[in-house]
Amino acid sequence: MRLFFAAAALLSATQATAQEPMTDAPDLTFERVFASPSLNGPTPREVKFSPDGRYLTLLRNREEDAQRYDLWAYDVETRDWRMLVDSEAFGEGGELSEDEKMQRERARVGNLKGIISYQWASDASGVLVPLDGDLYFARLGGEVTRLTDTEESELNPKLSRNAGYVSFVRDRQLWVGGIGEEAVPITPKEEDTIRWGEAEFVAQEEMSRMDGYWWNGDDTRLAVQRTDESPVGIVTRAAIGATGTQVFDQRYPIAGSDNAIVELYLMDPDGENRVKVDLGEETDIYIARVDWAPDDYLYVQRQNREQTVLDMLRVDPATGESEVWFTEKAVREDYWINLSDNYRFLKDGTLLWWSERDGFGNFYRFNGRDWTQLTALDEPVTKLVGLNEETGELFFTAVEDVLTEQVYRASLSGDGEPTRLTEEAFTHSASMDEAGQQLHIIRSAPDQPPQSYLASRNGERITWVEENALGEGHPYAPYLAGHTMPDYGTISAEDGKPLHYMMLKPEMEEGKRYPVFYYHYSGPGPQIVDKGWGGALAQAIVDMGYIYFALDNRGSANRGVEFEQPIYRAMGGVEVRDQRTGAEYLKTLDFVDPDKIALYGWSYGGYMTLKQLQADPGLYAAGVSGAPVTKWELYDTHYTERFMGDPREVPEAYEAASAIPDAAKISDPLLLIHGMADDNVVFENSSELISVLQEGNVPFEMMLYPGYTHRVAGENISPHLWNTIFRFLEAHGVTPPE
């Protein structure tokens, strides 16, 4: 969000001074930024401990192909690495089904190749690996067994909790079989709008829930989602490619329309003894999370359509009967409930639970009757890392001084103060083994790409997993001498809240003024400004002679309820004013060319570019809008209604937030970019804007990418996109001084 504030506030901005870049290094090009090997160094994904804690496994990308991942294992005892599964040795590179492609898009891994995910067997004997639409089981001895060999893709594959079964979704049914045996469907084949075992669209896209079925602890029962998409409206999505167009009738629940009907059933592994779970009389609900607890009961988090109430249901696994165990409500009437995976059912029957009920994310413990607060930090707790129930310890990450995340240890009893386990100079994320004995910690800083290491539960480093040191052999080493460190500072918003910014400056000559590349996302969720590794793209922009600037407005994450709340039913308002405050501050700096501040944003950021150009003509020299939402009535129910309410009830809020009514007011140069097969922010958002601009005789430029979805990225296409952006800026005079 952007708020306008008086000049006095702008001039009082605090600023941390950083080093100037050295000059004896080659300039970065966009072609090199997106080429292999990655300038970030190794970027492992899906880091997991084996159930016995002996192995650390991860997906590691290749030097010669940064988008291809193989499965590697690290033996904690011998400290040896080995490749468990070579993605090229076993995968056949076949065409994925449309369902699997879309699932990958929603998981934000659509551009990756090779192994995307895997699951450990509970006895630590091996891992289940989906690869190119089929399933494999890799044993630690090196043997890899192919489990399926079909034309159809196996979606959502899982090993049962005791590793007695392998299960997956195929052709809208759930299939189950023993490992190495023929799987059979255990749910009926119904009409095309009925899906078993799959999370519905909004669960995948907006609730971070990809699962549609859940095994209990002893492999005797499953909870399975049944989704009826028939009430959901059809959006005809034309996936326009380079040589042809495919038309998809996509069930897409736009704001204010009917959602899919979601039900849960309990059944045995053969599909017998099926009973329906009682989710209550109201069917217009969301199933946010589903878990089996140590007490062998099923627990279901049921969220109302308004996303202001969340009920935890306790379900009898034999009958499906349920009761409300507790209810969580939004902390204020003009707020919502942020869903989370930061909870755990403990062996003693209590629940560890994350809540914003005191205005910041903190942990609580519930015994079925009473709540005990375990953390009371002044900045939000962000993630549950792990537990050690034997020692009574809780491990988590929390924000420290807004710009870093640190790993902490606290008592499960709530006694004492949390202990920080990581270094203040870095920002961190972490995971833990099941026993709560070992940590895997990832850290980075503005001058250090991500490193990872194994640590004891006291935070002491045992060994590096990926040291990723910026030595002579590192891909970024040739550019290190020219690396620019950011300046950090704050600007006051109109309500006095500090807005944190980050600025990277090129090598500058005294008396000259420089253009600004003003990057923004601005929507709820991501925090843009932090003290982590920023990557090579910003450095390449700085090498071209531009100042790179970003500011986190009100409505963004990790600042607590009061900072996030102003966006409620007011999208496109407070964010515009806060970013305006950033622009006005930039214009006070004697090294900034006040006539050369250019905006860039993608998705919500693309929407914000349009709203900012409409609200403040002449303030910005130009704007780049990538894949923008232009009318919130075109976006999905769960995301949009969480912040904006139902358009049938508050149409005036949607009208004020739309980028369409005032589109003809845009007078500054505009570049519009969109992937022509976008299934998230559908292309209709841009096509309607294009029509309004044309009918209003408003000049603008556009670049469309056939065949690309919401993510226009790749080793060749990314340089094209970024070169297009800077050719546009140069054509409109947003250039560095001579």
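Which residues have the most contacts inside the largest nonpolar core? Select M503, Y518, M571, L586, Y604 and W632. The core they belong to has 67 residues. (A nonpolar core is a set of buried Ala, Val, Leu, Ile, Met, Phe, Trp, Tyr and Cys residues joined through side-chain atoms within 4.5 Å; buried means under 20% relative accessible area with a 1.4 Å probe, protein chains only.) Helix α9, residues 604–615, gives this core its largest share, five residues.

This is a predicted model, where local features need pLDDT of at least 70 and side-chain atom pairs count only at pLDDT 80 or more, while totals for chains, interfaces and linings use all residues. Residues are numbered from 1 along each chain, and side-chain values use heavy atoms, without hydrogens or water.

Next, select M503. Leaving aside neighbours within four places in sequence, its contacts (heavy atoms within 4.5 Å) include Y585 and L586.

Those two lead to helix α8, residues 574–586 (helices are DSSP runs of H or I, at least four residues, and strands runs of E, at least two, numbered from the N terminus). Of its 13 residues, 11 are buried. Y585 and L586 are among them.

Now look for empty space. The whole structure holds four cavities of 30 Å³ or more. (On a 1 Å grid over the protein atoms alone, a cavity is a set of points where a 1.4 Å probe fits but cannot get out; lining residues have an atom within 4 Å of a point.) The largest has about 190 Å³ of space. Select E328, I337, N338, W354 and S355, the closest to its centre of the 19 lining residues. Strand β27 gives the largest share of this lining, three residues.

Methods. Buried means under 20% relative accessible area, exposed over 50%, partly exposed in between (1.4 Å probe, protein chains only). On a 1 Å grid over the protein atoms alone, a cavity is a set of points where a 1.4 Å probe fits but cannot get out, and a pocket is an open set with protein on both sides within 12 Å along at least five of seven lines; lining residues have an atom within 4 Å of a point. Grid points are joined across faces, edges and corners, and a volume is the space filled by probe spheres set on the points.
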